Amino acid sequence: MAWPFGKSRAAEQGRRAVQAYITDASSEPDDADVEWLAAAIGDGDTDRARWELRYARRALALLVAERDALDDRTGSLVAREMRQALHMDRSVAAGMVALAERQLNERLAYFRTAFTERSATEAADARIARVFLDRLGVRDVSGNSGRAAGIVRRYVEASQDSLRAAFGVAKVPEDQPPSVWAKRPS
């Protein structure tokens, strides 16, 4: 006999998984990265640099969840929880939440384009880093692209690791391609 509360138990587990993922995506950027970005932008504004790195980490986490999750609903659940987390973020002044949301969505839009674009000549992390630095008005994009690509790579890898830890890993038999396994009867 199935438990009558099985669905609510599964929903609660899913909610906890999303919250764990959002907590990881909301971790603060390294101070060394903040200092580097403030210098690369050229104005020495560490507060702006910190926010840009926060937005980058969150946007990339959402893109990873949309692309790599085992369930198609995960991306939308992450987006909804990320919005709620932004509303509760103590780093955001109460009257500035709408602005923070708009800014995150702007970064998400240009990262999405760079994230999903295919290129035979440029790795994804380098492409995203170039777009990131260009949007911030960094004059010496080529001189800073290696460091930015390293940050992007760390953020994407951390999001992938967190996604697997929170939601699990697909288990497909070695002798069957994932497309065949996905079409099997339940």
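This report describes the overall make-up of the chain, then helix α4 and the loop residue D89 that comes after it.

The model is predicted, and its secondary structure comes to eight helices and zero strands, so that the chain reads α-α-α-α-α-α-α-α along the sequence by the DSSP runs. Of the 186 residues in the chain, 38% are buried, and the accessible surface comes to about 11,400 Å², with 51% of that area belonging to carbon and sulfur atoms. Among contacts between residues at least 6 apart in sequence, 64% join residues at least 24 apart.

Helix α4 comprises the 15 residues 74-88, which at 1.5 Å a residue should span 21 Å, and the computed separation of its end C-alpha atoms, 21 Å, agrees with this expectation. Its buried residues are T74, G75, V78, E81, M82 and L86; because these cover an arc of only 145° around the axis, they fall on the same side of α4. On the other side of the helix, R80 and M88 are exposed.

In the loop between α4 and α5 (97-116) lies D89, whose relative accessible area of 16% is under the 20% cut-off, and which therefore counts as buried. Leaving aside residues up to four places away in sequence, D89 touches W51 and R58. Two distances from the side chain of D89 are set out below.

| Atom or group of D89 | Partner | Distance |
|---|---|---|
| D89 side chain | R58 side chain (polar contact) | 2.8 Å |
| D89 side chain, polar atom | S91 backbone nitrogen | 2.7 Å |

R58 thus appears both among the residues that D89 touches and as its side-chain polar partner.

Conventions. Residues are numbered from 1 along each chain as its sequence is written. This is a predicted model: local features need pLDDT of at least 70, side-chain atom pairs count only at pLDDT 80 or more; totals for chains, interfaces and linings use all residues. Side-chain values use heavy atoms; hydrogens and water are left out. Helices (H or I, at least four residues) and strands (E, at least two) are DSSP runs, numbered from the N terminus. The expected span of a helix is 1.5 Å times one less than its number of residues. Buried means under 20% relative accessible area, exposed over 50%, partly exposed in between (1.4 Å probe, protein chains only). The arc is that of the directions from the helix axis to the C-beta atoms. A polar contact is a pair of N or O atoms within 3.5 Å; within protein, one must be able to donate a hydrogen and the other to accept it, and residues adjacent in sequence count only if both atoms are side-chain atoms. Contact means heavy atoms within 4.5 Å. Accessible areas come from the Shrake-Rupley method with a 1.4 Å probe; for residues, only the protein chains shown count as cover.
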